[in-house]
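Colleague: I am new to this structure. Could you walk me through how to read it, one feature at a time?

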Amino acid sequence: MPEDLIKELKEDHADIIEMMLRIKFLNVGSESGRSKLLSIKKRLLDHLRKEDERFYPALEKAAENDEGLRNMLGSLDADIRKLSDLMNNFFEKYALIKDKRVMQEFAADFEHVYSALIERINREEA
């Protein structure tokens, strides 16, 4: 696994976490808030595409001869599917909302999504 790719993915993780923290305090009912949500969604999708195209193929190749790694990849795959569904639902829900009264619901949903994302990043980097 190339060290530069690992470094790049970790930098992506840090950027994504920072972006997520910024939206925590946004008014998602505003045009600015929705715009930030969409930019974060794009950033996440770009990162996932990079992992799918460059990171996971190398891990899958290494897993051909390593049962432990194979099992870990299976677990990571199941986790990413759950996280992807959670993130997609979150972004779909809040990218279209124009009602400022939704902030309390947004805060609870954000905490759930953010916690799941942090957990995933920590597992992936470990």
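Colleague: Let's begin with contacts. Leaving aside its neighbours within four places in sequence, which residues is Met87 in contact with?

Modeller: Keep in mind that this is a predicted model. Skip the neighbours within four places in sequence, and Met87 touches Met20, Leu44, Val113 and Leu117.

Colleague: How do I go from one residue to a core?

Modeller: Start with the general idea. Nonpolar side chains in soluble globular proteins tend to be buried together. Here, the largest nonpolar core has 20 residues. Those with the most contacts inside it are Met20, Ile23, Met87, Phe90 and Leu117.

Colleague: Which elements give two or more residues to this core?

Modeller: They are helix H1 (3-23), H2, helix H3 (67-95) and helix H4 (103-125). There is also a second, separate core, with nine residues. Leu5, Phe55, Ala63 and Leu69 are among them.

Colleague: Let's take H1. How many residues does it have, and how far does it reach?

Modeller: H1 has 21 residues. From first C-alpha to last, H1 reaches 31 Å, close to the 30 Å expected at 1.5 Å a residue.

Colleague: Which residues of H1 are buried?

Modeller: Leu5, Leu9, Asp12, His13, Ile16, Met19, Met20 and Ile23. Now look down the axis of H1. The buried residues fall within an arc of 135 degrees, so they line one face of the helix. Turn to the other side of H1, and Glu3, Asp4, Lys7 and Arg22 are exposed.

Colleague: And H2? What is its span, and where is its kink centred?

Modeller: H2 covers residues 31-63, which makes 33 residues. Its first and last C-alpha atoms are 45 Å apart, close to the 48 Å expected. The kink is about 40 degrees and is centred on Asp52.

Colleague: Which residues of H2 are buried?

Modeller: The list includes nonpolar residues such as Leu37, Ile40, Leu44, Phe55 and Leu59. Arg34, His47, Lys50 and Glu51 of H2 are buried too.

Colleague: Is Ala58 buried or partly exposed?

Modeller: Ala58, in helix H2, is partly exposed because its relative accessible area is 32%, and buried means under 20%. Check distances as well. Ala58 and Pro2 are 56 residues apart in sequence, yet 9.4 Å apart in space, C-alpha to C-alpha.

Colleague: Next, charges. How many salt bridges does the structure hold?

Modeller: The general idea first. Side chains of opposite charge can pair when their charged atoms come close. This structure holds 13 salt bridges. In one of them, Asp12 pairs with Arg43, and the closest N and O atoms are 3.1 Å apart. That pair links distant parts of the chain: Asp12 lies in helix H1 and Arg43 in helix H2, 31 residues apart. Asp12 is buried, with a relative accessible area of 5%.

Colleague: What about a pair within one helix?

Modeller: Look at Glu18 and Arg22, with closest N and O atoms 2.3 Å apart. They sit four residues apart in helix H1, so about one helical turn separates them. Glu18 is partly exposed at 41% relative accessibility. Arg22 is exposed, at 51%.

Colleague: How far apart, N to O, are Asp46 and Lys42 in their salt bridge?

Modeller: The distance is 2.8 Å. These two are four residues apart in helix H2, so again about one helical turn separates them. Asp46 is partly exposed, with a relative accessible area of 29%. Elsewhere, salt bridges that share partners join Glu8, Asp12, Asp15, Arg43, Lys50 and Arg54 into one network.

Key:
Residues numbered from 1 in each chain as written. Predicted model: local features only at pLDDT ≥ 70, side-chain atom pairs only at ≥ 80, totals over all residues. Heavy atoms only, no water. Expected span 1.5 Å × (residues − 1). Bend = angle between axes of the 7 residues up to and from the residue. Buried < 20%, exposed > 50% of the residue type's maximum accessible area, 1.4 Å probe, protein only. Core = buried A, V, L, I, M, F, W, Y, C linked by side-chain atoms within 4.5 Å. Contact = heavy atoms within 4.5 Å. Salt bridge = Lys/Arg side-chain N within 4 Å of Asp/Glu carboxyl O. Arc of directions from axis to C-beta.
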